[in-house]
Structures are given as structure tokens and as C-alpha cells.
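Biologist: I should like to discuss the charged side chains of this protein. Please show me the sequence and the structure.

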Amino acid sequence: MACENQPTLQTFYVDNEEKQGFVSLDVPISFLDIKDKLTKTQKEAYESINKINMISYTLENGYHADYEKYMAELKSIFKNAEYEELMRGNIEDGGRFRLLLSGNTEALDELVLFGNSSKKGFVVVRVLGDDMNVNNLIDIGMSLKNIDPDNSNVKDVFNFFK
């Protein structure tokens, strides 16, 4: 059997999680601490999520050459036919975000939020689960806007998008 040499998001995480400039988190969904605030449909979506992975690269120390290299690698990974772009938009400071998915919209394996800013760096958040429904996940995402980031476990992720 031949091995595929295409880079994957998983290998990007493993190869970079301990390098200078990176922050990496692997947390269970219970970390969000929002289950009591969800509707019945949102709870079903919440329960289909296994864990959340996050890796970010900060430009605080001025590693712009490395930033460009990592951004090129991520863009190459996201061009893979496995990922379908669901939406994209702008964030403050001239940054951008993309929401990508793997699997069909009724039975997702992975939902990816990729945000980047040439002033701050980038963040990749992977939501991994079994048969997740994209519409229900987006509904959960919309409910997160009511969370006070200063009093929640997701403060660092929210701060990236400020």
C-alpha cells in the first residue's frame, strides 16, 4: 500500500503544537460549560461533539517569516477536497475567518474555524464528533454570542477575534 504524502490538519497540529509561538489545546466539549443554556435541538448537537482542538500562532514575538510559511501550509491543507468552505468573512484588524467542514452537512466528522490576522497570527479550531449536523452546530455557535468571555473557559479564543 502506498502512503499518501498530502499534509493533513492532524499532522499540522502534531508537527507544530510544541514549537515556539504556538499554543495548543485539546479539550472535551464539557469545557464550554453551556449545556444548561441550550435548547433541546442544541443539546442534541452538543452531545454529538466529542472534543475541540485548537492551535494558534501568535505574532507577538515577531516571527513573520514563519507565519507566512505556516499560513501557506494551512491554505494547502484547506484546498484538499476533504474540506468544503461553508462561509468566510472579516474580523477586526483586517483579519479574515473561514468556516470549513468535512463530511456531509447532515453527518459531519469535523467543523473547522480558521481565523487569521497579519497583525495577531492565526487560530484553527476543530470541532470533532460523530454525525454532527451543521445547522445545529451553527445554532450552538450563535448561542455562544451570549456568553460573557471574561467569565468563561473560552476567553482566549474570543480574545483572538477582538
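Biologist: What makes R98 and E85 a salt bridge?

Modeller: The closest N and O atoms of R98 and E85 are 2.7 Å apart. A salt bridge is a side-chain nitrogen of Lys or Arg within 4 Å of a carboxyl oxygen of Asp or Glu, so the R98 and E85 pair is called a salt bridge. This is a predicted model, in which local features need pLDDT of at least 70, side-chain atom pairs count only at pLDDT 80 or more, and totals for chains, interfaces and linings use all residues. Residues are numbered from 1 along each chain as its sequence is written, and side-chain values use heavy atoms, with hydrogens and water left out.

Biologist: Why is R98 called buried, and why is E85 called partly exposed?

Modeller: Buried means under 20% relative accessible area, exposed over 50%, and partly exposed in between (1.4 Å probe, protein chains only). R98 has 19%, so R98 is buried; E85 has 30%, so E85 is partly exposed.

Biologist: What makes E85 and R88 a salt bridge?

Modeller: Their side chains meet at 2.7 Å, N to O, which fulfils the rule for a salt bridge.

Biologist: How do you know that R126 and E110 are buried?

Modeller: The relative accessible area is 7% for R126 and 5% for E110, so both residues meet the rule for buried. Salt bridges that share partners also join E85, R88 and R98 into one network.

Biologist: How many salt bridges does the rule give?

Modeller: The count comes to 4 salt bridges.
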